[in-house]
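Thanks for coming, everyone. Let me put the structure up, and then we can walk through it piece by piece.

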Amino acid sequence: MKKIRHAKIIETIQKHDVETQEELANYLRDAGLTVTQATVSRDIRELQLSKIPTGNGRLKYIVLKQDDSHMGDKYIRVLSDGMLSMDMAQNILVCKTVSGMAMAVAAALDALKFPEIVGCIAGDDTIFVAVRTTGETQVLMDKIHKILDK
């Protein structure tokens, strides 16, 4: 059932500009699938969906495919388009992003597989990046600055 639901989610977000989990759940229900908000939330995480601006002040879900050999450049573009600032709080890197871009930037940080990063938690415009040590937080910031300065 999960594979069917995941396929339907991908199909839905490719056909429609889906902005919210509730809207996605409604599309799935209309397609005859029984889902809860928790199921949709888990599916979004498992499919590694992110939100991007649609150009009209709204956001939509997209799939960030990780098997594309050119994805590194795309992730760097997401970082440069979305990242506004970074600040260090011990071994937590706090990143400020363009409103609505935190999930996409966090997904890009995860996909770039920095060895210093343990994991990311994203809100609307803020990301908490758990870093292994305080010293590695500065190293990570330097790496991200070098990427963004190019």
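**A walk through the model**

Let's start at one spot in the chain. Right after helix α5 comes Lys113, and its phi is positive, near 50°. Keep in mind throughout that this is a predicted model.

Stay with α5 for a moment. The helix spans residues 102–111. Is it mostly covered or mostly open? Mostly covered: eight of its 10 residues are buried. Here are the buried ones. They are Ala102, Ala104, Val105, Ala106, Ala107, Ala108, Leu109 and Ala111.

Now step back to the whole protein. How many helices and strands are there? Six helices and six strands. Their order along the sequence reads α-α-α-β-β-α-β-β-α-β-β-α.

Next, overall dimensions. Along the principal axes, the C-alpha atoms fill a box of roughly 50 × 30 × 30 Å. The radius of gyration is 16 Å. For 150 residues, a compact globule would come out near 15 Å, so the two agree. How much of the protein is buried? Of the 150 residues, 37% count as buried.

What about contacts along the chain? Take those between residues at least 6 apart in sequence. Of these, 51% join residues at least 24 apart.

On to the front end, with helices α1 and α2. Two packed helices are described by the angle between their axes and by the distance between those axes. Helix α1 covers residues 2–15, and helix α2 covers residues 21–30. Their axes come within 10 Å. They cross at roughly 115°. Angles from 65 to 115 degrees count as roughly perpendicular, so α1 and α2 are roughly perpendicular to each other. The crossing of α1 and α2 is right-handed.

Which residues make that contact? From α1, we have Arg5, Lys8, Ile9, Thr12 and Ile13. From α2, we have Leu24, Tyr27 and Leu28. By type, the residues of this contact divide into five nonpolar, one polar and two charged.

Let me pick out Thr12. Thr12 sits in helix α1. Is Thr12 buried or exposed? Its relative accessibility is 7%, and buried means under 20%, so Thr12 counts as buried. Which residues does Thr12 touch, leaving aside neighbours within four places in sequence? Val18, Leu24 and Tyr27. Leu24 and Tyr27 are the ones we just met on the α2 side of the helix contact.

Last stop: helix α6, residues 134–149. I have two residues to show you here.

First up is Glu136, which is found in α6. Its relative accessible area is 26%, so Glu136 is partly exposed. Setting aside residues up to four places away in sequence, Glu136 touches Glu116 and Val131. Look at Pro115 as well. Glu136 and Pro115 are 21 residues apart along the chain. Their C-alpha atoms are separated by 9.3 Å.

Then there is Val139, also found in α6. Val139 has 38% relative accessibility, so it counts as partly exposed. How far is Val139 from Glu116, by C-alpha atoms? The separation is 8.2 Å, with their positions 23 residues apart along the chain. Glu116 is also one of the residues that Glu136 touches.

To close, two pictures to keep. One is the roughly perpendicular pair, α1 and α2. The other is α5, mostly covered, with Lys113 and its positive phi following. Over to you for questions.

Notes. Residues numbered from 1 in each chain as written. Predicted model: local features only at pLDDT ≥ 70, side-chain atom pairs only at ≥ 80, totals over all residues. Heavy atoms only, no water. Axes fitted to C-alpha atoms, helices over the stretch in contact; angles between N-to-C directions. Helix = DSSP H or I, 4+ residues; strand = E, 2+ residues; numbered from the N terminus. Parallel < 35°, antiparallel > 145°, perpendicular 65-115°, else oblique. Left-handed = near helix turned anticlockwise from the far one by under 90°. Contact = heavy atoms within 4.5 Å. Nonpolar A, V, L, I, M, F, W, Y, C, P; charged D, E, K, R; others polar. Rg over C-alpha atoms; globule rule 2.2 N^0.38 Å. Buried < 20%, exposed > 50% of the residue type's maximum accessible area, 1.4 Å probe, protein only.
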